[in-house]
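Here's a quick briefing on a few residues worth a look while you have the coordinates open. Load it up and follow along.

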Amino acid sequence: MSSRQSQVHCSFVPPMVLEHLARASGTDTPDPGAAQRTAVVSQQLRGLRQSASPDLPSALTGVVQPRPGKGDRAIYDDQNTWEFDKELVRGEADPAVGAQNVNQAYDYSGAARDYYKTRHGRDSLDHNGMTVNVNVNFGVDFLNAFWDGIRLVLGNGDGQIFVDFAASPDVLGHEFSHGVVQFTANLEYWGQSGALNESFADVFGSLIEQDLKGEDFESANWLVGDEIMAPGLYGEALRSMAHPGTAYDNPLMGKDPQPDHMNGYYSGPEDNYGVHINSGIINRAFYLTAQELGTEGAGRIWYAGLQNLWPTAVFTDAAQVLSAQARILARDGVVERQATQVVRGAFRTVGVL
Ligand SMILES: [Zn+2]
């Protein structure tokens, strides 16, 4: 299997941030160990689909087939081990439990599922009622969240850099949306197709959060991950969809490397050839579209685009497909008449067209 083939492990915190945290040293470094552990485990998980990994616990390599169902939620407590699905602690319609992160994972994964149902008529992750499996308390001070192909997995953070990843609706929305991408365009997780995959996860994660909070394109902050920053990094975020490259700038994390235009396109090998970096270009194209057509109209076009893209699609493919879907939706009166011109204009502004 080539390293360029689709990899299912889609993480929230990019590897370069974890590597920067692990390298940072000195008295202002809370716990470089947590960042190092997270970077190592994240690397192992990324490699899972590429090669047999005899060093990994069998729980990490086990394959569970998703079953058609009713889109019920199943929240598991991994009890700070590195094993998945350790103990089922809250199922669909079960009452709230004592642990706040379990209840947040339940509420926010429900918000993601309900957003797709209400806005797009989608039946859970796979449009076939797949169970929404969420794991909390994964690992020890794990500084990440990810979709592994069948479940959402959330770490606790270390309280110094990141707080519990269950605290953020856009984290749950982002990882849930990686699942939706897998069952639709199935964009390969490297290079431009991977950056599109990341961008769709950011776009719908943001729309899910806006829906939950009753925000729109004007009142939303368009930040991704702002709610999981620990108090010492207050005001920072992982990505800014409105102004890519401005989300963070501090000694612990380094500086946000996202370009907002093809002029700044990153073509090096880091981060699966820049999946969390170049996604900024497409995020900005969505933001610009939403400013003109509103969040709902832009979201409809992007969702329709996702149904019509394919695993190896690149940025220009996305621009063409999204413009074509805008034309069809405008013809049907679903979005404003000038939608195609707006989408093409946004992709021209960021240098893709
Ligand atoms: Zn992601």
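Ala93 counts as exposed, because its relative accessibility is 67% and the cut-off for exposed is over 50%. Keep in mind that this is a predicted model. Besides Ala93, the notes below cover Asn137, another non-glycine residue with a positive phi, and Ala290, a residue in helix 8.

**Ala93: loop and backbone**
- Ala93 sits in the loop that runs between strand 3 (87-91) and helix 4 (100-120).
- Its phi is near 70 degrees, so to speak on the plus side: a positive value in a residue that isn't glycine.

**Asn137: loop and backbone**
- Look for Asn137 in the loop between strand 4 (132-136) and strand 5 (145-147).
- Phi is positive here as well, at about 55 degrees, although Asn137 is not a glycine.
- Asn137 has a relative accessible area of 13%, which means that it is buried, the cut-off being under 20%.

**Ala290: helix and surroundings**
- You'll find Ala290 in helix 8, which spans residues 279-308.
- Ala290 is buried because its relative accessibility is 0%.
- Leaving aside residues up to four places away in sequence, Ala290 touches Phe217, Trp222, Thr295 and Ala298.
- For a distance check, take Val343: its C-alpha atom is 9.4 Å from that of Ala290, and the two residues are 53 residues apart along the chain.

Note on methods:
Residues numbered from 1 in each chain as written. Predicted model: local features only at pLDDT ≥ 70, side-chain atom pairs only at ≥ 80, totals over all residues. Heavy atoms only, no water. Helix = DSSP H or I, 4+ residues; strand = E, 2+ residues; numbered from the N terminus. Buried < 20%, exposed > 50% of the residue type's maximum accessible area, 1.4 Å probe, protein only. Contact = heavy atoms within 4.5 Å.
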